[in-house]
Amino acid sequence: VTTSTRVPTTLGRVTVEAEQRLAAAGVLTPRVDARWLVMHACGVDPWRFPDAWVDAEAARRLDDVLRRRVAREPLQLVVGDTGFCDLTVRCRAGVFVPRPETEVLAMRAVEAANRHDAPLIVEPCTGSGAVAAVLLAHVPGAHVVATDVDPAAVALAEENLARVRAGTSGRPAARGASAQVRLGDLLTPVPPDLRGHVDVLVANPPYLPVSDARQWEPEVHHDPPTALVGGPDGHEVVDRLLAEAGSWLAPGGTLLVEIDARRAPAALKQATTAGLLDAQLVDDLTGAPRVLRARMPDPSVPNRARADRGVRS
Ligand SMILES: C[S@@+](CC[C@H](N)C(=O)[O-])C[C@H]1O[C@@H](n2cnc3c(N)ncnc32)[C@H](O)[C@@H]1O
């Protein structure tokens, strides 16, 4: 410390104390959160430098951020950003915080898009723009059109895309790649002349039923309800997206949608009913079926035997 009135303390000690306060408040990951909050407030990783001194100003900053986290504000909002794939994505109150589960969706979209030259990618429900930012950074020649109904999300997504272009998110834009964000409902803001030309349609739409809200951890209530709840039974937005996908995808184009694992069989069936082929479920890192993947028929390629059958990969 820098004043004579306080006993000197170390990063290691304040980190242990922080962990105890967080655990007492019911935070599910107190150790990891304590480390991040100390790094944020003190600018040093306490796991690497446990014996470093903490000055009074840093101790005050740490107390401020700890109070917010003890009140169960999400860690990502307290520190202002989160890691998503290999990018640092800005987070802001009022806009959905990107989750690690969605990295699977983003990586599969990169994979699908990189099978095309200069692919056209559409990402409705972009939120912070995390998925669009990963595509901008990883798909050379891509053109990404992202949409969201919420102006606050559109503003943050534009900021996150600008950070990729400026090279300040951890990885710069891929060669020749571009991205734009538009305000509006699902695919309505996408220029109509792109209909039938989309190589990859990727989305993490709101898909939870309203009744789930009772079981949410306090942190989840910081996400806007429109980002989480897809109508009373949860599938209103997914249903509309699946119904419209066929008219936007190019022949052979790929649809990737994050879904509620509890509705996986229904989503598979829906994709097939919507005229898509090879409907499959992709598991997330916890083994839960998280992403629905399907492709648009391509009349120039003969159907394979497994077309129309739902299989898991
Ligand atoms: C679950 S969040 C996903 C955000 C981001 N793609 C991600 O994975 O972190 C869903 C987003 O969809 C937006 N949204 C909800 N209904 C929409 C609609 N009908 N059209 C476009 N965006 C919508 C919400 O504002 C929210 O930002």
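Is T9 buried or exposed? Let us work that out together, and then move on to the ligand, the cores and a few single residues.

This is a predicted model, in which local features need pLDDT of at least 70, side-chain atom pairs count only at pLDDT 80 or more, and totals for chains, interfaces and linings use all residues. Residues are numbered from 1 along each chain as its sequence is written, and side-chain values use heavy atoms, with hydrogens and water left out.

**Exercise 1. Place T9 and describe its surroundings.**

Step 1: Find the residue. T9 sits in the segment before helix 1 (11–24). Helices (H or I, at least four residues) and strands (E, at least two) are DSSP runs, numbered from the N terminus.

Step 2: Judge its exposure. Buried means under 20% relative accessible area, exposed over 50%, and partly exposed in between (1.4 Å probe, protein chains only). T9 counts as buried because its relative accessibility is 12%.

Step 3: List its partners. Contact means heavy atoms within 4.5 Å. Not counting residues up to four places away in sequence, T9 touches V14, A52, W53 and V54.

**Exercise 2. Describe how the protein surrounds the ligand.**

Step 1: Look at the shell. A residue is near a molecule if one of its heavy atoms lies within 4 Å of it. There are 18 residues around the ligand, and C125, D148, D185, L186 and N204 come nearest.

Step 2: Sort the shell by type. Ala, Val, Leu, Ile, Met, Phe, Trp, Tyr, Cys and Pro count as nonpolar, Asp, Glu, Lys and Arg as charged, and the others, Gly among them, as polar. The shell then divides into 7 nonpolar, 6 polar and 5 charged residues.

Step 3: Pick out the polar contacts. A polar contact is a pair of N or O atoms within 3.5 Å; within protein, one must be able to donate a hydrogen and the other to accept it, and residues adjacent in sequence count only if both atoms are side-chain atoms. The side chain of D148 has an N or O atom 2.7 Å from an oxygen atom of the ligand. On the backbone side, a polar atom of V149 is 3.3 Å from a ligand nitrogen, and a polar backbone atom of L186 is 2.7 Å from a nitrogen atom of the ligand.

Step 4: Check the cover. On its own the ligand has 600 Å² of accessible area, and the protein covers 96% of it. Accessible areas come from the Shrake-Rupley method with a 1.4 Å probe; for residues, only the protein chains shown count as cover.

**Exercise 3. Find the largest nonpolar core and say what builds it.**

Step 1: Recall the background. In soluble globular proteins, nonpolar side chains tend to be buried together.

Step 2: Locate the core. A nonpolar core is a set of buried Ala, Val, Leu, Ile, Met, Phe, Trp, Tyr and Cys residues joined through side-chain atoms within 4.5 Å. The largest one has 38 residues, and L201, L249, L255 and L292 have the most contacts inside it.

Step 3: Trace its sources. Among the elements that each supply at least two residues are strand 6 (198–203), helix 9 (236–248) and strand 7 (249–258). Helix 9 gives the largest share, 6 residues.

Step 4: Zoom in on L201. Leaving aside neighbours within four places in sequence, its contacts include V122, P124, L187, A245 and T254. A second, separate core has 36 residues, including V139, V154, A177 and V181.

Step 5: Turn to T254. This residue lies in strand 7 and is buried, because its relative accessible area is 8%.

**Exercise 4. Examine two residues with a positive phi.**

Step 1: Know the usual case. Most residues other than glycine have a negative phi.

Step 2: Take R72. It has a positive phi of about 70° although it is not a glycine. R72 belongs to the loop between helix 3 (56–70) and helix 4 (75–79), and it is buried at 9% relative accessible area.

Step 3: Take D278. Its phi is positive too, about 55°, although D278 is not a glycine. D278 is found in strand 8 and is buried, with a relative accessible area of 6%.

**Exercise 5. Show that P299 is exposed, and find what lies across from it in sequence.**

Step 1: P299 is in the loop between strand 9 and strand 10 (311–312). It counts as exposed because its relative accessibility is 78%.

Step 2: P299 and P251 are 48 residues apart in sequence, and their C-alpha atoms are 7.2 Å apart in space.
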